[in-house]
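Dear colleague,

I am handing over the structure below, together with an account of what turned up when I went through it. Please read the notes beside the coordinates, since they are ordered by topic and not by position along the chain.

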Amino acid sequence: MPITGVATPADHALQRRTVGTLVGSQMLGGVGVSSGIAVGSLLAEEILGSPDLAGLGGTFQVLGGALIAVPMARIMASRGRRPGLNFGYLLGIAGALALTTAGIVRSFPLLLAGSVLFGGATAANSQARYAAVDLAEERHRGRDLSIVVWATTIGAVLGPNLVGVAGRLANVLGIPSLTGPFLFSLSGFVLAAALLALRLRPDPLLHARARAEAAAVEPLAHHGSVWRGFRVAAGIPAALLGILTVGLGHAVMVSVMVMTPLQMHHGGAELRVIGFVISIHVLGMYAFSPLVGFAVDRYGARPMALVGSGVLIAATLLASRAPTGWSWGLTAALFLLGVGWSFTLVSGSTLIAGSVPVDERAGVQGASDLAMGLAAGGGGALAGLVVGQLGYDVLGLCAAVLAATIAVVALLVRRPVTTA
């Protein structure tokens, strides 16, 4: 199609196709990621014969997703969104195969290596939200980004419910039942990668660059270094606010969420009740993201970052006051924790997408997801230490302080700059 410096009807049609394709890939990739997450720690415990180090698989997956964002940003900068996203899914495929093999041969080191590679699919699912806004109109950035985030809900809910079927499939194939879900992960990643390869054309980032270059006086250079991305973001107040909002919001959510099942278990809550509370939390994370996107477009990303901070503060304070075990107050706290995370993710990501020039997008967005992943890993690790030494109530108070930091920074950034 012709490339001009302004959006055309053909660009709008391409944007609709892009968002639809990303919604499909998020559903498939989400099934793959959540199927594996549902049994990762159980497989580790089965291999080790002890629960002591079973949580390392999840930690390595989170860190893998964060680190893989670095080469993914470089690939996107040089070749576009489609090769970058498929790079993540290909690593996820390798990770699913490694995890399946680890369960068969009972190798914990192979499980850890597979978990790192599996994080590539998580990184791809995360970066897809930025691909949704490469060609979006300014007034619809929040909407388009949030629709792609919302699509993850289907995979996140469906994946864990396939565990039983996957276990029976594994028994038929003569492999350990806990490796079955990784076969579903493998299928989900293959289908997601195939969908992107076939339908994410023209590449939205490359098309956005071509449109920007048509309007530019001089040729634009394209940068994919996340370290340069951090430096660029430091000079753009809105981008810096976006990275802090996404990173701190994610740290607050993960730190409280990962310790809540333990807090409930110590109070005698049954596994089905713990599962119900976590399901309510996931519902809060994803189900309302289109409404959050509408609010971001209508009222602005910075005000919605403030709302997200307030909701997270309310959630963490409510959790800190909940009794050990199960209570409606704790259930409400976990629901609000998910909603607050949705506000910070959508508003922070929209700030980044709208404030960074097209030639710097890949690097800054990769930096954002690296910070997000490291915050999750650090938050989860520190949460265990805080609860072990000081208690779950203190963890809630510490998380509330982190959430309040988002509001402080958002109030300091009065006028986030936007860039088409």
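**Salt bridges**

Arg81 is buried, and Asp134 is buried as well. Please keep in mind throughout that this is a predicted model, so that every value below is computed from predicted atoms. The side chains of these two residues, Arg81 and Asp134, meet in a salt bridge, with 2.7 Å from N to O. The pair links distant parts of the chain, with Arg81 in helix 3 (residues 81-105) and Asp134 in the loop between helix 4 (108-131) and helix 5 (141-161), 53 residues apart. Nor does the pair stand by itself, for Arg81, Asp134 and Arg361 are linked in a network of salt bridges.

A search of the whole structure finds seven salt bridges, and two others among them are worth setting beside the buried pair. One of them joins Arg228 to Glu360, whose closest N and O atoms are 2.7 Å apart. Because Arg228 lies in helix 9 (residues 226-234) and Glu360 in the loop between helix 14 and helix 15 (361-389), this pair ties together parts that are 132 residues apart in sequence. As for accessibility, Arg228 is partly exposed, with a relative accessible area of 29%, whereas Glu360 is buried, with a relative accessible area of 8%.

The other is formed by the side chains of Glu137 and Arg139, which meet at 3.3 Å, again taken from N to O. Here Glu137 is partly exposed at a relative accessible area of 31%, while Arg139 is exposed at 54%.

**Helix packing**

Two pairs of helices deserve a careful look. The axes of helix 10 (residues 237-266) and helix 14 (residues 328-355) come within 8 Å and cross at roughly 160°. Since angles over 145 degrees count as roughly antiparallel, helix 10 and helix 14 are therefore roughly antiparallel to each other. Their crossing, that of helix 10 and helix 14, is left-handed. The residues of the contact of helix 10 with helix 14 divide into 17 nonpolar and 10 polar, with no charged residue among them.

The second pair consists of helix 3 and helix 7, whose axes come within 9 Å and cross at roughly 165°. The angle is again the reason why helix 3 and helix 7 are described as roughly antiparallel to each other, and the crossing of helix 3 and helix 7 is left-handed.

**Aromatic rings**

The structure holds seven aromatic pairs. Which residues do ring pairs link into a cluster? They are Tyr89, Phe118, Phe182 and Phe189.

**Backbone details**

Two places in the backbone may be of interest if you intend to check the geometry yourself. The peptide bond from Arg201 to Pro202 is cis, with omega near -10°, and Pro202 is found in the loop between helix 7 (180-199) and helix 8 (204-215). The other place is Arg106, a residue other than glycine whose phi is nevertheless positive, near 60°. Arg106 sits in the loop between helix 3 and helix 4, and with a relative accessibility of 46% this residue counts as partly exposed.

**Distances along the chain and in space**

Finally, two pairs of C-alpha atoms are given with both their separation in sequence and their separation in space. Leu112 has its place in helix 4 and is buried, with a relative accessible area of 14%. The C-alpha atoms of Leu112 and Ala136 are 24 residues apart along the chain and are separated by 38 Å. Leu412, for its part, lies in helix 16 (residues 392-412) and counts as exposed, at 68% relative accessibility. The C-alpha atoms of Leu412 and Leu241 are 171 residues apart along the chain, and 9.3 Å separates them.

With best regards

Conventions. Residues numbered from 1 in each chain as written. Predicted model: local features only at pLDDT ≥ 70, side-chain atom pairs only at ≥ 80, totals over all residues. Heavy atoms only, no water. Axes fitted to C-alpha atoms, helices over the stretch in contact; angles between N-to-C directions. Helix = DSSP H or I, 4+ residues; strand = E, 2+ residues; numbered from the N terminus. Parallel < 35°, antiparallel > 145°, perpendicular 65-115°, else oblique. Left-handed = near helix turned anticlockwise from the far one by under 90°. Nonpolar A, V, L, I, M, F, W, Y, C, P; charged D, E, K, R; others polar. Phe/Tyr/Trp six-rings, centres within 6.5 Å; stacked < 30°, edge-to-face > 60°. Salt bridge = Lys/Arg side-chain N within 4 Å of Asp/Glu carboxyl O. Buried < 20%, exposed > 50% of the residue type's maximum accessible area, 1.4 Å probe, protein only.
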